[in-house]
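Reader: I am new to this structure and would like to be led through it slowly. Could you take my questions one at a time?

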Amino acid sequence: MTIAERIKEYRKQHHYTQKELATLINVKPTTVSGWELGRNIPSIEMLQKLADIFHVPFDELAGVKDSNYHSSDPKEDDLKTADLADDDTIFTFEGKPIPEQDLEYMKRLLRGGRK
C-alpha cells in the first residue's frame, strides 16, 4: 500500500473530509488531495502531524519497514538477513557451516575484489 492510499484510508476511518483534515494540519484541501492522488508526498513534519491525528505510528503511516513490520505476504516474513561482516554469526549453506576462508572470498567478491 502506498503513502497516498494509507493517508486516504486513515482519513476515511476517522470520518474526515479532505477539507477537515486540511484545516487540522493547516494546509489547503488541494494539498491533501494531491497526497491522496500520489501527485505529491507530504514532508516528514506533515507525516508526523498526520500520524498524530490518526493515532498511528509514524513508521506505519510512512510505510517504513522495521523490526516490528509484518508483511501481508507470508513468504516475505520468512526471509532472514545477516551481514557477512557480523563475526558473531555462523553462516551455513545447505545446513553445513561455510568455512572462514570461503566467507573471506565471498566478502572480497562483494567488495569488487578489494580486501
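Reader: In what order do the elements of the chain run from the N terminus on?

Author: This is a predicted model, in which local features need pLDDT of at least 70 and side-chain atom pairs count only at pLDDT 80 or more, while totals for chains, interfaces and linings use all residues. Residues are numbered from 1 along each chain as its sequence is written, and side-chain values use heavy atoms, with hydrogens and water left out. Helices (H or I, at least four residues) and strands (E, at least two) are DSSP runs numbered from the N terminus, and the chain has 7 helices and 2 strands. From the N terminus on, the order is α-α-α-α-α-α-β-β-α.

Reader: In which helix is confidence lowest, and in which is it highest?

Author: The predictor's confidence in each residue is given as pLDDT, from 0 to 100; the chain averages 82, and 83% of the residues score at least 70. Where pLDDT is low, the predicted coordinates should not be read in detail. Confidence is lowest in helix α6 (residues 74–77), at a mean of 54, and highest, at 94, in α2.

Reader: What percentage of the residues in the chain is buried?

Author: Accessible areas come from the Shrake-Rupley method with a 1.4 Å probe, and for residues only the protein chains shown count as cover. A residue is called buried under 20% relative accessible area, exposed over 50%, and partly exposed in between. The chain exposes about 8,900 Å², with carbon and sulfur atoms supplying 53% of it. Of the 115 residues in the chain, the buried share is 24%.

Reader: Which helix gives the largest share of the largest nonpolar core?

Author: A nonpolar core is a set of buried Ala, Val, Leu, Ile, Met, Phe, Trp, Tyr and Cys residues joined through side-chain atoms within 4.5 Å. The largest one has 16 residues, and those with the most contacts inside it are L21, I25, W35, L50, F54, V56 and L61. At least two residues of this core come from each of α1, α2 (18–25), α3 (29–37), α4 (44–54) and α5 (58–62). The largest share, 6 residues, is supplied by α4.

Reader: Which residues does V56 touch, if those up to four places away in sequence are not counted?

Author: Contact here means heavy atoms within 4.5 Å, and V56 is among the residues with the most contacts inside the largest nonpolar core. Not counting residues up to four places away in sequence, V56 touches Y10, A51 and L61.

Reader: Which residues of α3 are buried, and what covers them?

Author: The buried residues of α3 are V32, S33, G34, W35 and E36. One of them, S33, counts as buried because its relative accessible area is 17%, and beyond its neighbours within four places in sequence S33 is in contact with Q18 and R39. After α3 comes G38, whose phi is positive, near 80°. The cover over the buried residues of α3 includes α1, α2 and α4.

Reader: With which residue does the side chain of E36 meet in a salt bridge?

Author: A salt bridge is a side-chain nitrogen of Lys or Arg within 4 Å of a carboxyl oxygen of Asp or Glu, and a search of the whole structure finds 2 of them. E36 lies in helix α3 and its partner in helix α1, so the pair ties together parts that are 25 residues apart in sequence. Both residues are buried. The partner of E36, at 2.4 Å from N to O, is R11.

Reader: Why is R11 called buried?

Author: R11 lies in helix α1 (residues 3–13) and, not counting residues up to four places away in sequence, touches Y16, T17, Q18, L21, E36 and F54. R11 counts as buried because its relative accessible area is 8%.

Reader: How far apart are N and O in the salt bridge of E104 and K107?

Author: E104 and K107 are 3 residues apart in helix α7 (residues 100–110), so they are separated by about one helical turn. E104 counts as partly exposed, at 32% relative accessibility, whereas K107 is buried, at 11%. In their salt bridge, the separation of N and O is 3.4 Å.

Reader: What distance separates the C-alpha atoms of L24 and K49?

Author: L24 lies in helix α2 and is partly exposed, with a relative accessible area of 48%. Leaving aside its neighbours within four places in sequence, L24 is in contact with Y16 and I53. L24 and K49 are 25 residues apart along the chain, and their C-alpha atoms are separated by 9.1 Å.

Technical notes
Buried < 20%, exposed > 50% of the residue type's maximum accessible area, 1.4 Å probe, protein only.
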